[in-house]
Amino acid sequence: MDTFLPDFSSWLNTPAHQQWLAAEGLRLLAFAKASKLAEGFGNLDEKGHLPANAYAETMNTARMTHSFAMAHIQGLPGFAEWVDHGVKALSGPLRDAESGGWFAVAHAQDDNTGKAAYLHAFVALAASSAVVAQRPGAQALLDDAIHIIDTYFWSEEEGAMRESFNRDWSVEEAYRGANSNMHATEAFLALADVTEDNRWLCRAQRIVERVIHGHAAANDYLVIEHFDRAWQPLRDYN
């Protein structure tokens, strides 16, 4: 675990606080194990249990895969198999074998076959972490995620991510969102580390320039979340 080093003396660096952070991390990892399903990871209820009708979701599976990969990278024993479970799910039932990309839930059993940038950013992050953890199948998953982002989501003209498409990528949503681009920024920083390709840093910077240095700066640095396809703010969206 990296130690936070502010310019002033802080309780954040005390041994007791570092011990608390480590213990809390282990508690959360143990808690998260209950989300495992045959086809990935699902939502837990308020008591930390899987509901009877729970199903595997791409968002949860990607997040859990990333978290368990980070645990394995830190040298915590017993988490490699959990990373492998996530990689297999993201490479199998959660992936659209016909048109490419990822459904929101396994086999699109919720009847939503759309492809969202938000979810694909999480898949890229999970795959990059699994690659660092040196897990089987991780590199192929990462290559797949990069291909989908490059082919459909990244707009070089806009310097940002397109929001979503229908299943076969033929119809694009007339919307742009700061949230999906924020998660893409996180994923791109990880991709830059794993691939040693600086284009991901350039892409992350371009997103920040648009969303923060452009729109937020002109709005007293209050971040605007919703935009139309031409990046005009949608003040009344939702």
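**A colleague's note on the predicted model**

1. A small detail to start with: Gln134, which follows helix α4, has a positive phi, near 60°. Please keep in mind while reading that this is a predicted model.

2. The helix before that residue is worth a look too. Helix α4 covers residues 117-132, and at 1.5 Å a residue its 16 residues should span 22 Å; the C-alpha atoms at its ends lie 23 Å apart, so the expected and computed spans agree. As for its surroundings, α4 is mostly covered, with 14 of its 16 residues buried.

3. Stepping back to the whole protein, the secondary structure amounts to seven helices and eight strands. The globule rule gives 18 Å for 238 residues and the radius of gyration is 19 Å, close to that value, so the protein is as compact as a globular protein of that length. Along the principal axes, the C-alpha trace spans about 50 × 50 × 40 Å.

4. How much of the protein is buried? Of its 238 residues, 45% count as such. On contacts, taking those with a separation of 6 or more, 55% come from residues 24 or more positions apart.

5. Lastly, the surface and the charges. The protein has an accessible surface of about 12,500 Å², and carbon and sulfur atoms hold 53% of this. There are 18 positive and 32 negative charges, and the mean positions of the two sets are 3 Å apart.

How values were computed: Residues numbered from 1 in each chain as written. Predicted model: local features only at pLDDT ≥ 70, side-chain atom pairs only at ≥ 80, totals over all residues. Heavy atoms only, no water. Helix = DSSP H or I, 4+ residues; strand = E, 2+ residues; numbered from the N terminus. Rg over C-alpha atoms; globule rule 2.2 N^0.38 Å. Buried < 20%, exposed > 50% of the residue type's maximum accessible area, 1.4 Å probe, protein only. Contact = heavy atoms within 4.5 Å. Areas by Shrake-Rupley, 256 points an atom, 1.4 Å probe, with all protein chains shown as cover. Lys, Arg positive; Asp, Glu negative; His and termini not counted. Charge placed at Lys NZ, Arg CZ, Asp CG, Glu CD. Expected span 1.5 Å × (residues − 1).
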